[in-house]
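These are my notes from an afternoon of looking things up in one structure. I kept each entry short.

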Amino acid sequence: MRLLIFETSYRRLQAQIDAIPGVEPLVMGPGGTTVSNGRILPPDQIDADAAWINGDVFFVPEARTFMVTMLKSPSLKWAQSGAAGFDNPVFQQIVQKGARLTTSHGQAVGMADYVLWGVLDALQGGARRRAAQAAHKWERYPFREISGSRWAIVGFGAIGRGVADRARAFGAHITGVRRNPAADASADQIIPPADLISILPQTDVVVLACPLTAETRHMADAAFFGTMKPGAIFVNVGRGGLVDEPALLAALDKGAPEHAVLDVFEAEPQPADGPFWDHPRVTLTPHSSGMSTGNAARNDALFLENLARFVTGEPLANEADPKDVLAG
């Protein structure tokens, strides 16, 4: 089984990969050169059965070469992604080839921590506290508690449940929003997406942690924000396309929501003159909520587990439904 893997990843995982019988690593290094068993492979001779697409690949100059090499492999049967979402066009192309796609939720821990940080900072007036400190002013401010607040978490997978568990530890009431109506131990109640709009007037914190699909694009629109509770906090760690950004800006100016914690945007990076940078009711971060210290290790562990499963023909963990990928 031929595995296309970037050199940085292979160096880190070589011992574990070599311990799995039948795996032949095709290692792509700087410049896009691919080596197998010490031999440089001409581009037209690279035929991978599987590929490991992670942060070592996404953010390097060789990313395009890696993706093209993978997609041109006639034998490609499976690709493991280090991302949770699958709205990038490369994932659709993988599925269109008939290959299987598995995603990762290694970043869920860090993203859940991020959401709690953003909400706590907003509730406790962090910006005002920092301004007072910078001005050397001994000023004391009251703040809002999480205890007793009502949260709606849209997308109740690994990220959503991580947020829910943390917020419930502070005494919050959690409504999980997802298509699967089954009860969940991390939520006080589960509702379908169609019912979300009905609970927004009573909800203090709304968190978007769902994938971007044709159904969810611009789900947070003028009607959505128009029903939100004054003083509510809005958080988006899903995808920028979930939000009608002009509608959000207009709603913020009206005070409902009172504050937005935004890690993702329709245009990334945000233009220097974009309206969110300096908005007094916005906490902006550059799509970095998942960049926590434990993320890479969790992603590696899932990849190695799925690699062993793939070699032995066992079911793969976190396999994406091709219909969902293609619908994105």
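**Entry 1: the cavity.** Before listing anything, I wrote down the term: a cavity is a set of grid points where a 1.4 Å probe fits but cannot get out, and a residue lines the cavity if one of its atoms is within 4 Å of a point. I also noted that the model is predicted. I searched the whole structure and found 1 cavity of 30 Å³ or more. The volume of the largest cavity is about 40 Å³. Which residues line the largest cavity? I listed Asn236, Gly240, Val243, Glu245, Leu248, Leu262, Val264 and Phe265. Sorted by type, this lining gives 5 nonpolar residues, 2 polar and 1 charged.

**Entry 2: a pocket.** Next I looked up the second largest pocket, which holds about 340 Å³ of space. Its lining has 20 residues, and those closest to the pocket centre are Ala122, Gly125, Ala127, His259 and Pro280. I then checked which elements give two or more residues to this lining, and found α5 (108-123), α6 (126-134) and β14 (282-284). By type, the lining of the second largest pocket has 8 nonpolar, 6 polar and 6 charged residues.

**Entry 3: the sheet.** In what order do the 7 strands of the open sheet stand? I read the order as β10-β9-β8-β11-β12-β13-β14, with parallel pairing. At the edges are β10 (189-191) and β14; each has a single partner strand, so one side of each has no neighbour in the sheet. From one strand to the next, the twist averages 15°.

I took one pair of strands for a closer look. Strand β8 (residues 150-154) and strand β9 (residues 173-177) run parallel and are joined by 5 bridges. Within this pair, Arg150 stands opposite His173 in β9.

**Entry 4: helices on the sheet.** I went back to α5, a helix I had already met at the pocket. α5 packs on the sheet and touches β8, β11 (205-208), β12 (233-236), β13 (259-262) and β14. The direction of α5 makes about 155° with that of β12. Helix α7 (residues 158-169) also packs on the sheet, where it touches β8 and β9. I wrote down about 170° for the angle between the directions of α7 and β8.

**Entry 5: cis peptide bonds.** I looked up two bonds. One cis peptide bond joins Ala256 and Pro257, with omega about 10°. Pro257 is in the loop between α10 (245-254) and β13. Another cis peptide bond joins Glu268 and Pro269, with omega about -5°. Pro269 lies in the loop between β13 and β14.

**Entry 6: positive phi.** Where does His287 sit? I placed His287 in the loop between β14 and α11 (295-312). The phi of His287 is near 50°, which is a positive value in a residue other than glycine. Is His287 buried or exposed? Partly exposed covers the range between 20% and 50% relative accessible area. His287 has 36% relative accessibility, so it counts as partly exposed.

I then did the lookup for Asn318, which is in the loop between α11 and α12 (322-327). Its phi is near 60°, again positive in a residue other than glycine. The relative accessible area of Asn318 is 31%, so I entered Asn318 as partly exposed.

Terms used: Residues numbered from 1 in each chain as written. Predicted model: local features only at pLDDT ≥ 70, side-chain atom pairs only at ≥ 80, totals over all residues. Heavy atoms only, no water. 1 Å grid on protein atoms, 1.4 Å probe; cavity = no way out; pocket = protein on both sides within 12 Å on 5 of 7 lines; lining within 4 Å. Points joined across faces, edges and corners; volume = space filled by probe spheres on them. Helix = DSSP H or I, 4+ residues; strand = E, 2+ residues; numbered from the N terminus. Nonpolar A, V, L, I, M, F, W, Y, C, P; charged D, E, K, R; others polar. Pairing = 2+ DSSP bridges. Axes fitted to C-alpha atoms, helices over the stretch in contact; angles between N-to-C directions. Contact = heavy atoms within 4.5 Å. Buried < 20%, exposed > 50% of the residue type's maximum accessible area, 1.4 Å probe, protein only.
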